[in-house]
Amino acid sequence: TEIWKVNSYHTQVVTELPQSFIVSAVDQNDRFIEAMEAPNKSFFIGVQFHPEKIFSEDAHSKKLLSTFITKAKAT
């Protein structure tokens, strides 16, 4: 699990993941789950923040969006 800088505007918090999922990022301040993955899939990730708003200043968000775009183009 990595600690990411996020810009979460939500009041809901993920507290339990499906059995096959893993936590891939938590917020640096409150340690809430902000990203999760299904490692048994080729690319399956869910986020609870807005990487599109901070990608120009945050390397994690930029990589996440770049990978998403690459994967979407491949389908």
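**Figure 1. Ser8 and the residues it touches.** In this predicted model, Ser8 touches Glu34, Gln48 and Phe49, not counting residues up to four places away in sequence. To find Ser8, look in the loop between strand 1 and strand 2 (22–27). Is Ser8 buried, exposed or something in between? Ser8 has a relative accessibility of 30%, so it counts as partly exposed. Another useful landmark here is Val47, 39 residues from Ser8 along the chain. The C-alpha atoms of Ser8 and Val47 are separated by 9.6 Å.

**Figure 2. Glu34, a buried residue with no salt bridge.** Here we turn to one of the partners of Ser8, Glu34, which sits in strand 3 (residues 33–37). Glu34 is buried, yet it has no salt bridge. How far away is the nearest side chain of opposite charge? That side chain belongs to Arg31, and it is 11 Å from Glu34. Many other residues do reach Glu34. Leaving aside its neighbours within four places in sequence, its contacts are Val6, Ser8, Ala25, Val26, Asp27, Gly46, Val47, Gln48 and Phe49.

**Figure 3. Arg31 and its positive phi.** Arg31 can be found in the loop between strand 2 and strand 3. Its backbone deserves a second look: phi of Arg31 is near 65°, a positive value in a residue other than glycine. As background, most residues other than glycine have a negative phi. Arg31 counts as partly exposed, because its relative accessibility is 47%. This is also the residue from the previous view whose side chain is 11 Å away from Glu34.

**Figure 4. Gly46 in strand 4.** Gly46 belongs to strand 4, which covers residues 45–47. Which residues does Gly46 touch, not counting those up to four places away in sequence? They are Glu34, Ala35 and Met36. Gly46 is partly exposed, since its relative accessible area is 23%. Lys63 is 17 residues from Gly46 along the chain, and the C-alpha atoms of the two are separated by 14 Å.

**Figure 5. The largest pocket and its lining.** The largest pocket has a volume of about 300 Å³. Of the 14 residues that line this pocket, the closest to its centre are Trp4, Glu37, Ile45, Lys63 and Leu64. Two elements give two or more residues to the lining: strand 1 (2–4) and helix 2 (59–74). Which of these elements gives the largest share? Helix 2 does, with 4 residues. By type, the lining divides into 6 nonpolar, 4 polar and 4 charged residues.

**Figure 6. Ser61 and Lys73, two residues of helix 2.** Both of these residues belong to helix 2: Ser61 and Lys73. Are they buried or exposed? Ser61 counts as buried, because its relative accessibility is 0%. Lys73, at 70% relative accessibility, counts as exposed. Around Ser61, leaving aside its neighbours within four places in sequence, the contacts are Phe49, Pro51, Ile54 and Phe55. For Lys73, try tracing a path to Val13, 60 residues away in sequence. In space, Lys73 and Val13 are 31 Å apart, C-alpha to C-alpha.

Definitions and conventions:
Residues are numbered from 1 along each chain as its sequence is written. This is a predicted model: local features need pLDDT of at least 70, side-chain atom pairs count only at pLDDT 80 or more; totals for chains, interfaces and linings use all residues. Side-chain values use heavy atoms; hydrogens and water are left out. Buried means under 20% relative accessible area, exposed over 50%, partly exposed in between (1.4 Å probe, protein chains only). Lys and Arg count as positive and Asp and Glu as negative; His and the chain ends are not counted. A salt bridge is a side-chain nitrogen of Lys or Arg within 4 Å of a carboxyl oxygen of Asp or Glu. Contact means heavy atoms within 4.5 Å. On a 1 Å grid over the protein atoms alone, a cavity is a set of points where a 1.4 Å probe fits but cannot get out, and a pocket is an open set with protein on both sides within 12 Å along at least five of seven lines; lining residues have an atom within 4 Å of a point. Grid points are joined across faces, edges and corners, and a volume is the space filled by probe spheres set on the points. Ala, Val, Leu, Ile, Met, Phe, Trp, Tyr, Cys and Pro count as nonpolar, Asp, Glu, Lys and Arg as charged, and the others, Gly among them, as polar.
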